[in-house]
Amino acid sequence: MKVLIVDDSPDALTVAKARLLKEGLEVICADGGRAGLEAARVQHPDLILLDVDMPDISGFDLCQQLKADAELGMIPVIFLTGSSTTADRVKGLDIGAVDYVTKPFDAFELRARVRAALRTKHLQDLLIKHARLDPLTELPNRRALMERLQQESSLIQRHDGSLSFIMADIDHFKQVNDTHGHSAGDRLLQRVAQAIVGQCRQTDLPARYGGEEFAVIVPGEDASDAFYLADRCRRAVEAVTLELGPDTLRTTASFGVADATGSSSGQDLIQAADEALYRAKQLGRNRVELAAHTSQPAHLR
Ligand SMILES: [Mg+2]
């Protein structure tokens, strides 16, 4: 795990770094408040050790800036303080620090407090990860999908670019559960998830939208390109087989594809893809339909 030490005193940095390297931690040093904020943004450490008294930005002010930042606010902060007054310690904890160490610090105490903070950070990371994961398919869940869609659509509202969204729904899935039971249905969902993931690039975000619905966020492509991805997914789902005793279960899925223009919100994209998916169902299933406003891919023009 990675620890950032922010202190204007070169001696304090050297001592703290030497002690933490013994813990097998990656240690980054910043020699002031501004440098510390910059290092936190670039390096995303798991823990920040923060000096209270610094000439450019005080540790208290820097801690408040970190805690107000959506991305950096979750990084635990331990204050390094020369002051052992109760008022200062209380203030540090009240503005969001998890702990404090009084300088000159004892090597064993510093390491123990760092280990404790990193244990908590690790559990917090696990909780965040599980809150965003669908346990059955191990794909990102709807919460993770909505967060990422929000980020991607605000990105293309600020800078130009393309963004597409694919919505997929397994055809006649209810019959699988009714005929073969929910455990067969669950295994089929897992296979379909793998089939869709197998077609996606590193930059795409495939997710379980809910029930038998899947979605893929496709950054950097408009719908006529995402159409081909959706059609590859469609064929991959068609190739899925599930052995159920003497029977082999096969399935298909229908797909709707939409892309964002500068003003589209994530919700607009979902709705447009959902309408296209509905049309794919109406037109006989196991097919890909584009949202009404998008241009057709070359082979369909
Ligand atoms: Mg200082």
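This short talk walks through the sheet of a predicted model and the helices that pack around it.

Let's start with the sheet. What is the strand order? The order is β2-β1-β3-β4-β5. That makes an open sheet of 5 strands, with parallel pairing. Two strands sit at the edges: β2, residues 26–30, and β5, residues 99–102. Each of those pairs on one side only. From one strand to the next, the twist averages 20°.

Now zoom in on one pair. Strand β1 covers residues 2–6, and strand β3 covers residues 47–51. They run parallel, joined by 4 bridges. Take V6 as an example. Its bridge partner in β3 is L50.

Next, the helices on the sheet. Helix α1 spans residues 10–21 and packs on the sheet. Which strands does α1 touch? β1, β2, β3 and β4, the last being residues 77–81. The direction of α1 makes about 170° with that of β2. Then there is helix α2, residues 33–43. Helix α2 lies across β1, β2 and β3. Against β1, helix α2 runs at about 165°.

Last stop: one helix against another. Helix α5 is residues 107–131, and α1 packs with α5 at an angle of about 65°. Their axes are 10 Å apart. The crossing of α1 past α5 is right-handed. Who meets whom? From α1 come A16, R19 and L20. From α5 come A107, L110, R111 and V114. By type, the residues of this contact are 5 nonpolar and 2 charged, with no polar ones.

Notes. Residues numbered from 1 in each chain as written. Predicted model: local features only at pLDDT ≥ 70, side-chain atom pairs only at ≥ 80, totals over all residues. Pairing = 2+ DSSP bridges. Axes fitted to C-alpha atoms, helices over the stretch in contact; angles between N-to-C directions. Contact = placed C-beta atoms within 7 Å. Left-handed = near helix turned anticlockwise from the far one by under 90°. Nonpolar A, V, L, I, M, F, W, Y, C, P; charged D, E, K, R; others polar.
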